[in-house]
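Biologist: Please take a close look at one interface for me, the one between chain D and chain A. Then set it beside whatever else helps me read it.

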Amino acid sequence: MKKIFAFSVILGLLFTFVFADTSSFGIYPDKVVIGTFQALSGPYAIIGQGMLKGMKAYFNWINDQGGINGRKIDLLVYDDQLNPALTVTDVKRMVEQDHVFAVVGGLGTPGCLAVMNYLNDNKVPFVYQGSGAPQLSNPPKEFVFPVQPNYDLEGHLIARFLVQNEHKSKIAVMYMNNDIGQQELDGIQKQLADFNMKPYITIAYNPSSADFSSDIIKLMSANPDSLVIAGLITDTIRIVTQIKQYGMNIPIVTIYPNADPAFIKLGGKAVEGVILTGWVPIPTKDNPDFTAKFEQYMKIYQKSYPNEIPSSYAAAGFIAAEVFCHALELAGPDPTRISLVNALDTFDNWNGILAQGITFTPTDREGKTSMYFMKIENGTFVPISGWITLK
Amino acid sequence: MILLSIKGLSVRFKGLIAVNDFSMDIERGNFHSLIGPNGAGKTTVVNALTRVVPSTGTALFEGVDLLKVPAHRIINFGVARTFQNLELFKNLTVMGNLFIGAYHTINYNFFDEAFITKLYKSEQSKILQNIVEISEMLDIKGHLNAPVSSLPYGTQKLVEIGRAVISKPKLLILDEPFAGLNDFESDKLKSEIMRIKSLYNLTILMIEHDMKIVMSISDRITVMNFGEKVAEGSPSEIIQDRKVTEAYLGDRAYSRG
Amino acid sequence: MATEHILEVENLVVKYGPIWAVNGTSFFVDDREIVSILGANGAGKTSTLKALSGLIARDGKITFLSKNISKTDAHKIPYLGLTLCPERRGIFPDMSVEDNLLMGAYTIRKNKKMIRQNTEKVYGLFERLAERRKQLSGTLSGGEQQMLAIGRALMNEPKLLMLDEPSLGLSPKLVDFIFDSLKAINKSGTAILLVEQNAMVATEISNRIYVMQNGRFALSGNAKEIDFQTLKMKYLGG
Amino acid sequence: MKKYLWFTPFVLVPLPFLGYPFLISIFVLIGIYTIAAIGMDILTTWAGQISLGNAAFFAIGAYTSAIMIVNFHIPFLIAFLVSGFLSMLIGILVGLPALRVSGFYLAVVTMAFGIAIQQIIGVFQITGGYNGIRNIPAPSFWIFKASNPIYQYYIVLFIIFLAFVIISRVSFSKSGLALFAMRDSEIAATAFGVNLLKYKLAAFASSAALTGFAGSLYASAIGFISPSQFDLTLSLDLLAIVIVGGAGSVIGVMIGAAFFVGLPFLLSGYNFSITIIQGIALILILLFLPKGLVQAFKIGKVRKKA
Amino acid sequence: MIFQQIIAGIITGALYAIVALGLVIAYKVTGVMNFAYGYMGMISAYIFFTCFSVIGMNYIFAFLISVAFGAFVSYAVERGLLRPVRNISPASMVIITLGLLLLLEGIALQVWGNNYQQIPNLLNGLPLILKFSGGIIVIPQQNLLILGLVTGVIIALILYLNLTFQGKAMRAVAQNEEVSKLMGINSSLMMSISWIISGAIGSLAAVLVAPQTFVYPDMMLSLQIMGFTAAVLGGFESIPGSIIGGISIGVIENLVGTYISTNLKTTFSLAIIVAILLIKPEGLLGSAKARRV
């Protein structure tokens, strides 16, 4: 008898986990609790710390104005060190224990991909991923809203730029041997195939390498007329620096995750003349509208972090916060997860402060599909093209 | 009757000849001592017999050439040994050490252990019984559950002998069993060894430096020097042998003595 | 000075854990003397020498040239003029003969001239070393290694040279040669404390001997007066 | 310590009902690391062999199981068993060098193996390259799907319990004692009939198998695997868990795993580097408690008595 | 291209070689295999960064300070942490130095944060270009500097160990500590000196490689792994062995990367090394006897 009693207690406890209305979890009369995961320690902390600052700056600004529909934004942050095993646990903790309303701005392709289906299955909105993995938007998922352009698309754009604008025909590609590098390469290859071309030489490298001498020697003996480096900041700078050390001088294009002041700071003279793609606009003379918005952004950011120049990761975090807050506002005075999703799906080329041209529909979740090119000149980024889009 | 017959045993280490064409017969039931000055090659002979070092020659033990048997199978033929500087399993208890002594007699396998089969139960209780018996006899029963490294040196020696005896050997090889013991401990060990020998009907080959003990305990003595046999005989023959005196006291000894 | 003990040991005790290797021995060495400690294996001879040279922990009082060295670190003892030529020679196998000798002169390393002189002295004593001065000492024969070890120990002109079983593993002819060399070394003014199993050769060159058994002296006396039969009994029992 | 062992299940079994569901996921992770670390324990503490490459077996187990389940829709239980078995076979292959080299040399050889496996996994299509494999379903047994971490917790706990039972049975039997004997003195073990070849390989095999099982559970519990998760740090962590927790004790290994896996979660909110604590703990434990944290509890007990 | 790859391999290998050399020196004299070796160097690289980029010192001066600091850290670690536990098992030694590794990593994170930091190359001019009938060889100036300094260190060390009294005494301690005491050699001092040398070499390697890797807590990880492998390949006891081991790994890596597979560069190189070890377990120049493990 005792055993049966104990058993039924256990069973009862088990089932309490299964049935509960979850659609408005995280919504309280005075606040909305949301969560994010960022690499705050470990090798990617430079990105995570920056992104978090951008998010916090925007949320602080919103909260100072009384929040959205009277609710302040309460952001829970977990440090997953960009280790997907930790991401999974952290996100489960946010969803199952902290009952966050939504997850906003998680950083890192591995972590984002590891949790996207979990969040979708649990009907928790996942707004903005610090990743350009095409799997996030393709196929579209009801609760997942990617904003950053995806790497495959970027590969297409880079190849088109080099062939059509720069008239290059011997394009070499050095790519990091991981998902990002592979996806960029795929995009480049597909676009070149449309022009009946192929990459002149492709060299994969390990994300952990520091010495690229053998790769550069290969490159030199192939003698291409341009080089695409699909790698993250540190590897890209290493490669560029070593290429210069070897006395090689060809146009180099690299990808948007590198479009950050840190790239110039770490790379110094070696990265002069490197061409990068960008999706977060930078203020220029011929765009006074945006310059005003950018000044507003700087003001908001420096209110939380006085005298600090935001990194491009901060800009990304800022955009993530913008997108979420705007959607929350649209979702009405009593938001639910469903109404947030519906609100996001009404975004049509929406412009916020930094966020420019964000579009979502229930069948197309690629939030941002246009990019531009810029060049490093005298230690600053200088745009060299207008917005380019595939569509 | 001869139990072990060594013929032409040679051991070389990197060009150095440690044992050279060594031959020796051990009679069944004898207490046979192998003596000689430091570095004469006595332990090397034993190491060769137990296949710790590679060697050439033959060592017929009841018709089996030990020098062709892999090291871990030597025990199966009934040859057990102790070591010069104690080779106990220092992180195990006395019980564990004795258990390994009986290792080769155990018939159960891993699955018997995991599922506690009948075979396991019966074998295990048999071994435990053996362990208790031996430990009673050697008067170390009180230490059975003590880590062996916590015991006094003399007791550790007893454990090592117990570990060899529990394997039910026909030939027991003792490598300097009395080294490092005081007179009292030596006397005790001597009587223990004699008791074990008669009780289990053992043949013993002993390497030892303490001549008083060797002379009093041995049936037969082989003397080595420079890797070769220099003399063999009964204790009384050995004590008269000029070569032995030379080996021990130096070559100018005889002229003075 | 000549009559004073250069080395005086009182109540020396050496323990390895629970084992007593040396059990309260007292002895002395006089200037220019050769003293031998004899005994079977495991009697405690080597431990005695190691204790004197500071390699192992010891109790008791050790006085060398009127200086108490019972607590002195091993590497400071050679500076006082007390050098041990260790058991099994302990040469540095990956060094040349010459470098081995040089290591023996470590305590006088500032005095280049003296090193040169002493090296020549050693080469004079052991001509075979001179022939092999550039050879790696690990490739020498057993006898040559023993010569090298003795030569090395002489390099800093010790007042008292301690030798641990110089006859070990050597053929009788070589043993004779080594012991003749020891005699010569002694003649030139170095006192010698010798530990030996090879009792007879040792007795022959010694002034006094001690016979050790189980960490104690069982017998001691003038080498010329020692009774061979008693000695033999101490060795062979019986 | 032994006396209080019976108490452990009463702590571990009701643990999920403390009311912190996310904690269970961490407990599951701790449990999985415990299983892998028991594997390491067998190799180091029992057999005296060093391995700095056990992450490779973890990876092999995880990938085998994930590929079978995701690509070929093979039931979890079969995939689980196969991944342990495959790890075991590869473990035997890795064990072969151990017969030739030992000590630090073995450490370097196994380290090379670990690094190589990680790199090889990154190259092949079937393993998903550096992208890894995603959406690995939770462990399921026929119609029962253990997607709730509570179920996973009990599965893991059950496996640890099994390992514990087998280990406690083996530890004073022929095979366990033979391993210990081999570790303490190869020469004496051989003299008494212990076949070093057999036992070294067996140690590598069982270590690899346990680590492979852990890898399989890991893949299904986390749902996502990629090469970077199985780096040298994982191998070193497994070794450190054994040392910190207490070599030779399942409970100790659990404590070690909690220390290495649980603590980072506890401290993830603070801006303090966890490695400082881990480093100091490792050094202090080695200097003062060479038998690990378990020893600390023992000391406490003795003092109480006295 | 093959010559060019071999030259590049030799330069990479030279860095492996001095890391191996530093490990071997410390190991030969004290018997400690230092798994935290690279991380001790990493701290020196941070010191260099602080002196040069933060305080704004002269390059050479900052260089000397960081190397001296590395030597001191090494001395302190050996004296304070490892000397008291000299006789523990290899497994425990791995763990204790591993603990040190974690600790140093944590300290670096705590003190300098985890942003990548940059140390500039000392030499940034045009590369050295050699043309000959078979092709062209390009060597960047910084690589020439690395090669020059590494060769210098190796020669200096070999001269020190073979020609000076103290160097010989250190070798004596490595061969037989007890007997060297009998010669009057202060073996404890020699052990400290060996670690000081080892620490200085490790710092040198870290500062030289930093412009390439940047300065961050894990900057020395792969160099350390390859250094270990080089030392093992060379026999771990042998100084020429570690140099040959390091350079051959560098060359093997580059050749594998060029002609077999870039992705599996490390795997193939390690496989070759493991194969060599299985055929000759004591390493290329190691001796089968008296392995200190």
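Modeller: A polar contact is a pair of N or O atoms within 3.5 Å; within protein, one atom must be able to donate a hydrogen and the other to accept it, and residues adjacent in sequence count only if both atoms are side-chain atoms. This is a predicted model, where local features need pLDDT of at least 70, side-chain atom pairs count only at pLDDT 80 or more, and totals for chains, interfaces and linings use all residues. Residues are numbered from 1 along each chain as its sequence is written, chains are lettered from A and ligands numbered from 1 in the order written, and side-chain values use heavy atoms, without hydrogens and water.

Start with the contact itself. Chain D brings 25 residues and chain A brings 28 residues; contact means heavy atoms within 4.5 Å. The size of an interface is often given as the accessible area lost when the parts come together. Chain D and chain A bury about 2500 Å² between them, with 61% of it on carbon and sulfur atoms. That buried area is the accessible area (1.4 Å probe) lost on being put together, summed over both parts.

Now the polar side. The rule finds 0 salt bridges across the interface of chain D and chain A. A salt bridge needs a side-chain nitrogen of Lys or Arg within 4 Å of a carboxyl oxygen of Asp or Glu. Residue pairs in polar contact, both at pLDDT 80 or more, also number 0 between chain D and chain A.

Four helices of chain D give two or more residues each to the side that touches chain A: H2 (21–46), H5 (103–123), H6 (149–171) and H9 (196–222). H2(D) gives the most, with 5 residues. By class, this side of chain D has 15 nonpolar, 9 polar and 1 charged residues. Here Ala, Val, Leu, Ile, Met, Phe, Trp, Tyr, Cys and Pro count as nonpolar, Asp, Glu, Lys and Arg as charged, and the others, Gly among them, as polar.

Next, the partners. Chain A has 13 helices and 13 strands. Helices (H or I, at least four residues) and strands (E, at least two) are DSSP runs, numbered from the N terminus. Chain D has 13 helices and 2 strands. Buried residues make up 62% of the 391 residues in chain A and 64% of the 306 residues in chain D. Buried means under 20% relative accessible area, exposed over 50%, and partly exposed in between (1.4 Å probe, protein chains only).

The C-alpha trace of chain A spans about 80 × 55 × 40 Å along its principal axes. Chain A has a radius of gyration of 22 Å, which agrees with the value near 21 Å for a compact globule of 391 residues. The radius is taken over C-alpha atoms, and the globule rule is 2.2 Å times the number of residues to the power 0.38.

Chain D also meets chain E. There, 35 residues of chain D contact 45 residues of chain E. Chain D and chain E bury about 3500 Å² between them, 82% of it on carbon and sulfur atoms. The rule finds 0 salt bridges between chain D and chain E, but 3 residue pairs in polar contact, both at pLDDT 80 or more. H5, H10 (232–245) and H12 (274–288) of chain D each supply at least two residues of the side that touches chain E. H5(D) gives the most to that side, with 12 residues. The side divides into 26 nonpolar, 8 polar and 1 charged residues.

How values were computed
Buried area is the accessible area (1.4 Å probe) that two parts lose on being put together, summed over both.
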